[in-house]
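Dear colleague,

I am passing on the structure we spoke about, and below it you will find my notes on what turned up when I went through it. Please read them with the model open beside you.

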Amino acid sequence: MENLIKQTATAKLSLDGKNIDLPVYSGSLGAPAIDVRGLYKTSGHFTFDPGYTSTCSTESQITFIDGGKGQLLYRGYPIEQLAEKSTFLEVSYLLIHGELPNKKQNTEFTNTITQHTMLHDQIESFFHGFRRDAHPMAMMCGTVGALSGFYHDDTHTTVDDARNVAMHRLIAKIPTIAARAYKYSIGQPHVFPDNSLNYAENFLNMCFSVPAAPYHVSPTISRAMDKIFILHADHEQNASTSTVRLAGSSGANPYACIAAGIACLWGPSHGGANEACLNMLREIGSVDRIPEFIARAKDKNDPFRLMGFGHRVYKNFDPRSRVMQKVAHEVLDELGIRNPVLDVAKELEKIALEDEYFIEKKLYPNVDFYSGIVLSALGFPTSMFTVLFALARTVGWISQWNEMLEDPSQRIGRPRQLYTGPTQRDFVPMEER
Ligand code: CMC
């Protein structure tokens, strides 16, 4: 990756009687950034930004979000166009390589991914080590981390070929691991990958087919699954992606880095929100109970939040939520499902969008608001929702990891702190405490 940031201005900081010049950089889109890298050296001060609300951790050329406009671009292409016209593997190529593949590149990439779909047979023992009721995210995190024990050669992260093989293996094996975790949790025999199927069909087949009966994946359903993967594929420097970059910044094994991303994604403020959102919609149960939950969300003394609402970056509609709402209708129509939870979701969205509290705080539906309804209609239990998110996000994580390792300005990530603990004191022997 070539560094493309340009200095466009200089910021002036006056501190302790000293005037300090700080370069201001601009990218191709988005807010400019003040370079504070030299600040500690010149002034002896750190910057303070817990939660990174005003801090760029890196330069990146992969994904752009304009939270005010509700815009999401992968390598410049709007998410709505990619969801409508592209496929997940094409988007994967785009995220990794920066350009959409031509026909030949697409065929080669698809063939390469297809060659890596099987798991090493000994991975099977890892699944058997889990309790039957283990959360599939626990199995996913453990098993993906365990791949580092099988492919330690990929630790040579400075070698292009080794990085490419690691990226291909991860994209190919993650659906097999996700489906295996699901089958294990419901006590069904696992289904091997079928390389004659496309990426989404193969995943659905591994999840829902059984040896005792034929299984046919409807094109509408596999297309919906593929769109869901595209919508979740990348989201610039979110918590799990930053985790992967931080883990990878030390040169760690890529499979271990992705396992770190999976762990971070699991939390209900991040990838776990779709599970929490569907649980919430089911708990609300009927349209007449919505005001009670809206009141709870607004009550400062109640920790309850409207799940699927609000976002650190989007202060407008999350563009993914609009696509997801459309996918929800397509899937429910295809399957002939009349789901009262969808009525609750639509009414809740309407009421919240008209409510002063949500308007003032710019809280809009995010991608997770409708995704739970779709995934549940596809037949997935709530415990699998975050697993599907992790499956799709794996390509974003590895693209960002790869970009970081190619960045000439890359250094190990090492934040500083504002220490407020005890100052130095002498050890007190036990009998004197
Ligand atoms: N319901 C009610 N109030 C909310 C909500 C919500 N869902 N989200 C934020 N607020 C309020 C919050 O109480 C705070 O109020 P005040 O300023 O009076 O203290 C204000 O809005 C700002 O919230 P914040 O927590 O400072 O914002 P944040 O940027 O740190 O958090 C968030 C972003 C996504 C964690 C948060 O909006 C949230 O918890 N939402 C529900 C969980 C969710 O849907 N997460 C999925 C995110 S999209 C998928 C992904 O990227 O992983």
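I begin with Arg289, which at a relative accessible area of 30% is partly exposed. Please keep in mind throughout that this is a predicted model. The side chain of Arg289 meets that of Glu292 in a salt bridge, with 3.3 Å from N to O, and Glu292 also counts as partly exposed, its relative accessibility being 40%.

That pair is part of a wider set, since a search of the whole structure finds 16 salt bridges. Among them is the one between Glu84 and Lys227, whose closest N and O atoms are 3.9 Å apart. Glu84 belongs to helix α2 (residues 79-85) and Lys227 to helix α9 (residues 219-232), so this salt bridge ties together parts of the chain that are 143 residues apart in sequence. The two partners differ in their burial class: Glu84 is partly exposed at 45% relative accessibility, whereas Lys227 is buried at 6%. Neither residue should be read in isolation, because salt bridges with shared partners join Glu84, Lys227, Lys326 and Glu330 into one network.

Which residue does Glu403 meet in a salt bridge? The partner is Arg245, and the distance from N to O is 2.7 Å. This pair, too, links distant parts of the chain, with Glu403 in helix α18 (residues 385-406) and Arg245 in helix α10 (residues 239-248), 158 residues apart. Here both partners are buried, Glu403 at 5% relative accessibility and Arg245 at 8%; each value falls under the 20% that bounds the buried class. Leaving aside residues up to four places away in sequence, Glu403 touches Met1, Glu59, Ser60, Gln61 and Ile62 as well as Arg245.

Turning to the strands, I would start at the N-terminal end of the chain. Strand β1 (residues 6-15) pairs in the antiparallel sense with strand β2 (residues 18-26), over nine bridges. The two form a hairpin with two residues between them, and in that turn Asp16 has a positive phi of about 50 degrees. At the end of β1, Leu15 stands opposite Lys18 in β2. Leu15 counts as partly exposed, with a relative accessibility of 22%, a value not far from the 20% under which a residue is called buried. Apart from residues up to four places away in sequence, Leu15 touches Ile20, Ser43 and His45; of these, Ser43 is 28 residues away along the chain, and its C-alpha atom is separated from that of Leu15 by 7.7 Å.

Strand β2 also pairs with strand β3 (residues 33-34), again in the antiparallel sense, this time over two bridges. In that pairing Tyr25 stands opposite Ala33. Six residues lie between β2 and β3 in the hairpin that they form, and Gly30 in its turn has a positive phi of about 90 degrees.

A further group of strands makes an open sheet of three, ordered β4-β5-β6, with antiparallel pairing. Strands β4 (63-66) and β6 (77-78) stand at the edges with a single partner strand each, so one side of each is left without a neighbour in the sheet. Between β4 and strand β5 (residues 71-74) there are four bridges, and the bridge partner of Ile65 is Leu72 in β5.

Finally, some values for the protein as a whole. It has 18 helices and six strands. The radius of gyration is 23 Å, close to the 22 Å that the globule rule gives for 433 residues, so the protein is as compact as a globular protein of that length. Taken along the principal axes, its C-alpha atoms fill a box of roughly 80 × 65 × 55 Å. Buried residues make up 47% of the 433 residues. If one considers contacts between residues at least 6 apart in sequence, 71% of them join residues at least 24 apart. The accessible surface comes to about 21,700 Å², of which 53% belongs to carbon and sulfur atoms.

With kind regards

Methods:
Residues are numbered from 1 along each chain as its sequence is written. This is a predicted model: local features need pLDDT of at least 70, side-chain atom pairs count only at pLDDT 80 or more; totals for chains, interfaces and linings use all residues. Side-chain values use heavy atoms; hydrogens and water are left out. A salt bridge is a side-chain nitrogen of Lys or Arg within 4 Å of a carboxyl oxygen of Asp or Glu. Buried means under 20% relative accessible area, exposed over 50%, partly exposed in between (1.4 Å probe, protein chains only). Contact means heavy atoms within 4.5 Å. Two strands pair if DSSP finds at least two bridges between them. The radius of gyration is taken over C-alpha atoms; the globule rule is 2.2 Å times the number of residues to the power 0.38. Accessible areas come from the Shrake-Rupley method with a 1.4 Å probe; for residues, only the protein chains shown count as cover.
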